[in-house]
Amino acid sequence: SQICDNTFLRLWVYPNPYKKKADELCDVLVLFENHIFIFSVKDITFNTDKEIKVAWNRWKRRAIDASIKQLERAESWIKRYTDQIFLDPQCKKKLPININLEDCKFHRIIVAHGAEEACKNFSSDNVAGSLAIAYGDNFPSDGKGKFEFPFMIDLPREKVFHVFDSFNLDIILGELDTISDLVWYFEAKEESIQKY
């Protein structure tokens, strides 16, 4: 939410909304026109003391797979209970905007911190320490992916999850400096994933 507050998103951002008392809906919710951006942010330390595949699988399960579950639950809640989203842990302050689900578009965004240095150390070619993402048909979203290669994440393309890390999140929010640019980016990316 600090990044969102420091960018153009501050006008549309709701950090840490709640669905029930002391039960967070997601980490950040951004509402703009008919677009609903749901963010799940995880900062998980990568355990470099373990064998790389073991460490990777544990990090991925806690950073990526847990975020996917959180985003799916948040989207489901919003679709069922649009009037039950609150701005405070006591659930006394309701979201001040009415969400119209008729033609809304959900954008599911994972922000995963903590693997940058391990990623750089794994491959000298990866100077940024950024994760590799692949979308495909029949890629399961249950964490049991087709690729068992460290720092590569395979995701289904029929329900798109965007994955950002410590490196590329700043680039996206720095280069796309209006909400319209951000909407265009996500729509173009999702269309490309579906098409190719």
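A search of the whole structure finds 0 disulfides. I should say at once that this is a predicted model. Which cysteine sulfur is closest to that of cysteine 104? It belongs to cysteine 26, and at 14 Å the two sulfurs are too far apart for a bond; a disulfide would require them to be within 2.5 Å. Both residues are nevertheless shielded from solvent by our criterion. Cysteine 26 is buried, with a relative accessible area of 0%. Cysteine 104 also counts as buried, at 18%, where the limit is under 20%.

Cysteine 26 brings me to the interior, since it is among the contacts of isoleucine 38. Setting aside neighbours within four places in sequence, isoleucine 38 also touches Val28, Leu29, Leu71, Ala74, Glu75, Ile78, Phe106, His107, Arg108 and Ile109.

Isoleucine 38 is one of the residues with the most contacts inside the largest nonpolar core, which has 35 residues. The others in that group are Leu29, Ile36, Trp59, Ile64 and Ile78. Which elements each supply at least two residues of this core? They are strands S4 (28–32), S5 (35–43), S6 (105–113), S8 (152–156) and S9 (161–165), together with helices H2 (52–80) and H3 (116–122). Helix H2 gives the largest share, 10 residues.

There is, in addition, a second core, separate from the one just described. This second core comprises 18 residues, including Phe32, Phe37, Val111 and Ile172.

Ile172 leads us to helix H4, residues 168–175, where it is buried along with Asn168, Leu169 and Leu173. How are these buried residues arranged around the helix? Viewed down the axis of H4, they fall within an arc of 125 degrees, and therefore line one face of the helix.

I close with two points of backbone geometry. Alanine 22 and phenylalanine 151 each have a positive phi although neither is glycine. For alanine 22 the angle is near 60 degrees, and for phenylalanine 151 it is near 70 degrees. Alanine 22 sits in the loop between strand S2 (18–20) and strand S3 (23–24). Phenylalanine 151 is placed in the loop between strand S7 (132–136) and S8. Are these two residues buried or exposed? Alanine 22, at 66% relative accessibility, counts as exposed, whereas phenylalanine 151, at 4%, counts as buried.

Conventions: Residues numbered from 1 in each chain as written. Predicted model: local features only at pLDDT ≥ 70, side-chain atom pairs only at ≥ 80, totals over all residues. Heavy atoms only, no water. Core = buried A, V, L, I, M, F, W, Y, C linked by side-chain atoms within 4.5 Å. Buried < 20%, exposed > 50% of the residue type's maximum accessible area, 1.4 Å probe, protein only. Helix = DSSP H or I, 4+ residues; strand = E, 2+ residues; numbered from the N terminus. Contact = heavy atoms within 4.5 Å. Arc of directions from axis to C-beta.
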